[in-house]
Amino acid sequence: MQMLDFVILHEFSHAIQFWSNDWWAMSAIRRELKNVRHAELVADCMSAAQLGYQFRSYSDAIKQASIQGLLGAADSLADFEIDEFSHHGLPVERTLAVRMGLKKGLSYGTLYGITSKDILDHCNTQVSIRDLIEGENKWTIQETDKVLGL
């Protein structure tokens, strides 16, 4: 079920990006960027934050299985077409974007007072930091784990 939930929330996250007039998403729509990767990784992070909040109510065993299913979904939806405009992110990038979102979602005390814009800003910042530290299409799990404290 995580695959379907992830894909639906991922697409909904694009709507939030659009409604928020997000620079990355709008630049991708206008084809001002070499690819849509950043906006896609942010949508991965945002959908994982929303799912992570939902997972908080699960038993530990179900929560862990759900997290593993979500990480598997992100990995399976990745691509290696780094020179294509439609490039969505390498497997490690999509998996790490989901982990960044999960960390945010699992740590929410309550969703009241947290807006979609807050999640969007968090995810944009996280993806930008990874790109600055490691470079586009060069993310590693070890470096991201250090930054996230995982």
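Which handedness, left-handed or right-handed, does the crossing of helix 1 and helix 3 have? In this predicted model, the crossing of helix 1 and helix 3 is right-handed, and the paragraphs below begin with this pair before turning to the nonpolar cores and to two buried residues.

**Helix 1 and helix 3**

Two packed helices are described by the angle between their axes and the distance between the axes. Helix 1 covers residues 2-19 and helix 3 covers residues 37-55, and their axes come within 8 Å and cross at roughly 120°. Angles of 65 to 115 degrees count as roughly perpendicular and those over 145 as roughly antiparallel, and helix 1 and helix 3 are therefore oblique to each other. On the side of helix 1, the residues that meet helix 3 include Phe6, Leu9, Phe12 and Ile16, while on the side of helix 3 the partners include Val42, Ala43, Met46 and Leu51. The residues of this contact divide into 10 nonpolar, 7 polar and 3 charged.

**The nonpolar cores**

The largest nonpolar core has 13 residues, of which Val42, Met46, Ile119 and Cys123 touch the most other members. Helix 3, helix 5 and helix 6 (116-134) each supply at least two residues of this core, and the largest share, 5 residues, comes from helix 3. Val42 and Met46 thus appear both in the contact of helix 3 with helix 1 and among the core members named above. Cys123, when residues up to four places away in sequence are not counted, touches Val42, Cys45 and Met46. Apart from the largest core lies another, of 12 residues, among them Phe6, Leu9, Ile67 and Leu71.

**Two buried residues**

Gly101 lies in helix 5, which spans residues 91-107, and Ser27 is found in helix 2, which spans residues 23-29. Gly101 counts as buried because its relative accessibility is 0%, under the 20% limit for that class, and Ser27 is likewise buried, with a relative accessible area of 0%. The table lists their contacts, leaving aside neighbours within four places in sequence.

| Residue | Residues in contact |
|---|---|
| Gly101 | Cys45, Ala48 and Ala49 |
| Ser27 | Glu32 and Leu33 |

Cys45 is thus a partner of Gly101 and also of Cys123. The C-alpha atoms of Gly101 and Asp44 are separated by 7.5 Å, although these two residues are 57 residues apart along the chain. Asp44 is also one of the helix 3 residues that meet helix 1.

Technical notes
Residues are numbered from 1 along each chain as its sequence is written. This is a predicted model: local features need pLDDT of at least 70, side-chain atom pairs count only at pLDDT 80 or more; totals for chains, interfaces and linings use all residues. Side-chain values use heavy atoms; hydrogens and water are left out. Helices (H or I, at least four residues) and strands (E, at least two) are DSSP runs, numbered from the N terminus. Buried means under 20% relative accessible area, exposed over 50%, partly exposed in between (1.4 Å probe, protein chains only). Contact means heavy atoms within 4.5 Å. Axes are lines fitted to C-alpha atoms, for helices over the stretch in contact, and angles run from 0 to 180 degrees between N-to-C directions. Angles under 35 degrees count as roughly parallel, over 145 as roughly antiparallel, 65 to 115 as roughly perpendicular and the rest as oblique. A crossing is left-handed if the near helix is turned anticlockwise from the far one by less than a right angle, and right-handed if clockwise. Ala, Val, Leu, Ile, Met, Phe, Trp, Tyr, Cys and Pro count as nonpolar, Asp, Glu, Lys and Arg as charged, and the others, Gly among them, as polar. A nonpolar core is a set of buried Ala, Val, Leu, Ile, Met, Phe, Trp, Tyr and Cys residues joined through side-chain atoms within 4.5 Å.
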